[in-house]
Amino acid sequence: MTAPADLSVASREEHDEAAQALFDDLIAKDSRIEPRDWMPEAYRKTLIRQISQHAHSEIIGMQPESNWITRAPSLKRKAILMAKVQDEAGHGLYLYSAAQTLGIGREEMMQQLIDGKARYSSIFNYTTPTWADMGAIGWLVDGAAICNQVPLCRASYGPYGRAMVRICKEESFHQRQGFEILLELMQGSEAQREMAQDAVNRWYWPSLMMFGPPDDQSPNSAQSMAWNIKRFSNDELRQRFVGMLVPQAEVLGVTLPDPNLAWNEERQAYDMSEIDWTEFNEVLAGRGPANAERLRRRREAHDDGAWVREAAAEYARKQAEREKAVA
Ligand code: BYC
């Protein structure tokens with residue numbers, strides 16, 4: 001319901017009011033908003049913010065694991081890891097496409113990332129010194145991603161929700177492959193068990209930070225939930241995630257590094273220690289262990305790919321010329 005360009009100011013206001021009422025009704029009915037539908041500017045901006053950040057996370061998220069492709073301990077592990085990293089690239093592409101339906105160009109989003117002006121998930125600013133980190137990333141990082149993203153399959157914006165369905169299916173495979181790496185290590189030698197536990201110790205807290213700041217410090221949550229973009233608050237999802245991890249940690253035989261983790265019968269939820277939000281804020285401010293390296297590598301990859309973009313643009317120009325000549 002886009003207003004025709006030649007409407008007077010009064011008619012345009014009337015049109016916008018009717019369009020807003022239709023939008024509110026669709027949200028109230030838990031229906032979907034599609035790209036051609038009228039939407040409030042703030043809704044569009046919120047979606048562009050979240051979807052582009054999510055896309056950037058997928059693309060930057062390829063780095064910590066691709067670091068291990070050449071050093072994977074067997075051909076089978078190498079093939080699985082390559083497939084997983086390729087999946088992340090695919091997720092980035094679905095998400096950039098979903099964001100493009102909201103009127104932002106891919107080049108603009110990419111430039112924001114390269115200029116260091118865009119956010120991406122804090123989790124990818126940690127290093128991966130051992131093979132067990134591949135297990136911990138799959139189990140904890142992809143596990144947290146599933147927890148956060150399954151509800152996003154019902155996000156009110158159609159292209160985002162639909163992209164999430166496919167992404168979640170793939171994340172589910174990623175989580176299992178991580179769990180299986182850790183399980184194998186935990187059934188191995190003392191040194192392998194220590195390596196697995198060390199990786200879990202390093203990734204546990206950052207994976208809890210993935211859900212974002214506590215609810216009382218989350219400026220975007222209330223509006224995003226009112227618009228049916230987010231379905232649960234940051235703390236609700238974090239709590240759900242911990243509840244999921246505890247029985248899985250028992251199967252693995254690893255210890256979750258929180259001495260205060262205990263079931264609270266009254267709350268029907270786990271009590272846990274306070275998260276170190278100073279660390280989270282430092283990472284968000286660009287001062288995490290690998291922020292500089294992640295951006296350096298992304299810029300380098302972008303420069304290395306310049307010839308591909310130029311060749312594609314030239315091919316498109318020639319095609320258009322040919323089509324014009326035929327017409
Ligand atoms: N890292 O008001 P809040 C993956 C920012 S990909 C960095 O609660 P919101 C995977 C937040 O953006 C994982 N920044 O925000 C890929 C906001 O800043 P701005 C990515 C964070 O949007 C490869 C400010 O803090 N997943 O799983 O309501 C391999 C205040 O926060 C973080 C997604 O992107 C963070 N952790 O809620 C393996 C999922 N947390 O924008 C795995 C989609 C918060 O106002 N995104 N901030 O400057 C979401 O669900 C939501 O955007 C969030 C944050 C829950 C992340």
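**Group meeting: a walk through the model**

The side chains of His54 and Gln149 make a polar contact, at 3.0 Å. I start there today. One caution first: this is a predicted model.

So, His54. This residue lies in helix α2, which covers residues 41–60. Is His54 buried or exposed? His54 counts as buried, because its relative accessibility is 11% and the cut-off for buried is under 20%. What does His54 touch, beyond residues up to four places away in sequence? Leu95, Gln149, Tyr160 and Met164. Gln149 therefore turns up twice, as a contact of His54 and as the partner in the polar contact I opened with.

Next, the ligand. There are 32 residues around the ligand. The closest are Gln53, Ser122, Ser218, Lys230 and Asn234. Let me go through the polar atoms. Lys230 places a polar side-chain atom 2.6 Å from a ligand oxygen. Arg119 also uses a polar side-chain atom, and here the distance to a ligand oxygen is 2.9 Å. Pro219 uses its backbone: an N or O atom there lies 3.3 Å from an oxygen of the ligand.

Stay with Asn234 for a moment. Asn234 is one of the closest residues to the ligand. It lies in helix α10. Its relative accessible area is 5%, so Asn234 is buried. Where does its side chain reach? To the backbone oxygen of Phe211, at 3.3 Å. Set aside the neighbours within four places in sequence, and Asn234 is in contact with Phe211, Gly212, Pro213, Asp215, Ser218 and Ser221. Note Ser218 in that list. Ser218 is also among the closest residues to the ligand.

Helix α10 brings me to helix α11. Helix α11 runs over residues 277–284. Which of its residues are buried? Trp277, Phe280 and Val283. Look down the axis, and these buried residues fall within an arc of 120°, so they line one face of the helix. Here is the background. An α-helix has 3.6 residues a turn, so residues three or four places apart point the same way.

What covers that face? The cover over the buried residues of α11 includes α8 (190–209), α10 (234–252) and α12 (291–304).

Now the two ends of α11. At the start, a side-chain oxygen of Asp276 comes to within 3.1 Å of the backbone nitrogen of Thr278. After the helix comes Gly286, with a positive phi near 95°.

On to the aromatics. How many aromatic pairs does the structure hold? Nine. Take Trp263 and Tyr270. Their ring centres are 5.0 Å apart and their planes stand at 70°, so this pair is edge-to-face. The cut-off for that label is over 60 degrees. The two partners differ in burial. Trp263 is partly exposed, at 41% relative accessible area, whereas Tyr270 counts as buried, at 16%.

There is a cluster as well. Ring pairs link Phe23, Trp38, Tyr43 and Trp227.

Rings also meet charges here. The charged end of Arg71 sits over the ring of Trp68, 3.9 Å from the ring centre. Arg240 lies over the face of Phe232, and the distance to that ring centre is 4.3 Å.

Last topic: contacts between residues far along the chain. Two examples.

The first example is Gln63. It lies in helix α3, residues 62–66. Gln63 is buried, with a relative accessible area of 12%. How far apart are Gln63 and Arg297? In sequence, 234 residues; in space, 8.3 Å from C-alpha to C-alpha. Leaving out neighbours within four places in sequence, Gln63 is in contact with Glu293, Arg294, Arg297 and Arg298.

The second example is Leu185. This residue lies in helix α7, residues 158–186. Leu185 counts as buried, at 7% relative accessibility. Trp131 is 54 residues away along the chain, and the C-alpha atoms of the two are separated by 9.7 Å. Apart from neighbours within four places in sequence, the contacts of Leu185 are Trp131, Ala132, Gln192, Arg193, Met195 and Ala196.

To close, go back to the ligand site in the structure. Look at Lys230, with its polar side-chain atom 2.6 Å from a ligand oxygen. Then find Asn234, buried at 5%, with its side chain on the backbone oxygen of Phe211.

Key
Residues are numbered from 1 along each chain as its sequence is written. This is a predicted model: local features need pLDDT of at least 70, side-chain atom pairs count only at pLDDT 80 or more; totals for chains, interfaces and linings use all residues. Side-chain values use heavy atoms; hydrogens and water are left out. Helices (H or I, at least four residues) and strands (E, at least two) are DSSP runs, numbered from the N terminus. Buried means under 20% relative accessible area, exposed over 50%, partly exposed in between (1.4 Å probe, protein chains only). Contact means heavy atoms within 4.5 Å. Rings of Phe, Tyr and Trp (its six-membered ring) pair if their centres lie within 6.5 Å; planes under 30 degrees apart count as stacked, over 60 as edge-to-face and the rest as tilted. A charge sits over a ring if NZ of Lys or CZ of Arg is within 6 Å of the ring centre and within 35 degrees of the ring normal. The arc is that of the directions from the helix axis to the C-beta atoms. A polar contact is a pair of N or O atoms within 3.5 Å; within protein, one must be able to donate a hydrogen and the other to accept it, and residues adjacent in sequence count only if both atoms are side-chain atoms. A residue is near a molecule or strand if one of its heavy atoms lies within 4 Å of it.
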